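Biologist: Got a minute to go through this one with me? I'd like to hear how you back up the words you use.

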Amino acid sequence: MSASFNRRNFIKTSALTGAAVTLTNSIKAFAPAKKDKVRMGIIGAGFRSHEHMGNFLQREDVEIIAIADPQQRSVDEAMEVFKKYNRPQPVIYRNGNEDYKNLLKRDDVDAVIICSPWEWHSIQAIDAMKAGKIPGVEVCGAIKLQECWDVVNTSEKTGIPLMMMENVCYRRDVMAVLNMTRQGMFGELIHGQGGYEHDLRGVFFNDGVTAYDSGVEFGKMHTAKHNGVPSITGTGTENFIPHMVLGPWR
Ligand SMILES: NC(=O)c1ccc[n+]([C@@H]2O[C@H](COP(=O)([O-])OP(=O)(O)OC[C@H]3O[C@@H](n4cnc5c(N)ncnc54)[C@H](O)[C@@H]3O)[C@@H](O)[C@H]2O)c1
């Protein structure tokens, strides 16, 4: 075994120990009382959130207390999900982009799922942690590097954990590669790149109403019109979803 490998292992072990101490401290700081129910808020009630709502509303130990979304159509569609599962309607905050802050002021919300467009993720996640709510973020969570640090620093300062909810990151094969990387099987990693590396034109380009497979159109009619689906510059040429598979590596 080479000296450099040992050194790398040592650095890795030290870093992991450091991380463990930090994590333990965070967890100690964050010690929620055990409750019979988890009381949720949803920020951004569009397409993605409906799946979460459907899952939550089928559980007796989860209640959705409130929803914040400025768009009437999204709120109406969300209400259909509540009707489907015959559960009480939540309190709605739909008075503009900042009304989610009023949801965060509620004492009866433990955690929030953030399903708004990307540019809102770090802002809303940071506000949630500052308000003492645990955020789950659908996803990328941040656009600029500094936003990532702002999210990490807020989590450490408040002691509130945040979950990056990119489901693909937690797939068995992706976790296996993460594990292999941590064991040093690929040597030192100097570059990482993620993205949707397969044909998803039916998702990326839509008619502005239906999320999936509603036609491939370019220019003004592409994803930006279905506002949560990722397109930051609106050119349609960027690497969509770079966090795909790379999430837990950060
Ligand atoms: N993990 C996955 O498999 C998966 C799948 C689809 C989408 N997503 C992610 O989910 C997020 C939402 O995507 P979507 O498809 O539901 O888009 P969508 O356009 O259907 O929903 C986004 C909603 O956010 C609302 N919104 C905009 N600004 C807001 C604000 N300031 N406060 C509160 N709400 C606001 C919009 O009105 C809209 O209803 C995106 O970040 C996307 O990347 C993840």
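Modeller: Sure, and let's start with "buried": a residue counts as buried if 20 or more other C-beta atoms lie within 10 Å of its own. Keep in mind that this is a predicted model.

Biologist: Okay, so what makes helix 5 largely enclosed by the rest of the structure?

Modeller: Eight of its 10 residues are buried, so helix 5 is largely enclosed. Among them are His121, Ile126 and Met129. The cover over the buried residues of helix 5 includes strand 1, helix 4 (100-104), strand 4, strand 5 and helix 6 (145-158).

Biologist: How do you know that strand 1 and strand 2 pair?

Modeller: Pairing takes at least two bridges, so we count them. Strand 1 (residues 38-43) and strand 2 (residues 62-68) are joined by six bridges, and they run parallel. As for one residue, Ile42 has Ile67 in strand 2 as its bridge partner.

Biologist: And why are strand 3 and strand 6 called edge strands?

Modeller: The open sheet has six strands in the order 3-2-1-4-5-6. Strand 3 (91-93) and strand 6 (163-164) each pair on one side only, and they are the edge strands.

Biologist: What is the pLDDT like over residues 13-29?

Modeller: It stays under 50 there, on a scale from 0 to 100. The model has five contacts beyond four places in sequence for that stretch. Residues 217-238 are also below 50, with 40 contacts beyond near neighbours in sequence. Where pLDDT is low, the predicted coordinates shouldn't be read in detail.

Methods:
Residues numbered from 1 in each chain as written. Predicted model: local features only at pLDDT ≥ 70, side-chain atom pairs only at ≥ 80, totals over all residues. Helix = DSSP H or I, 4+ residues; strand = E, 2+ residues; numbered from the N terminus. pLDDT = per-residue confidence, 0-100. Contact = placed C-beta atoms within 7 Å. Buried ≥ 20, exposed ≤ 12 C-beta atoms within 10 Å, placed from the backbone.
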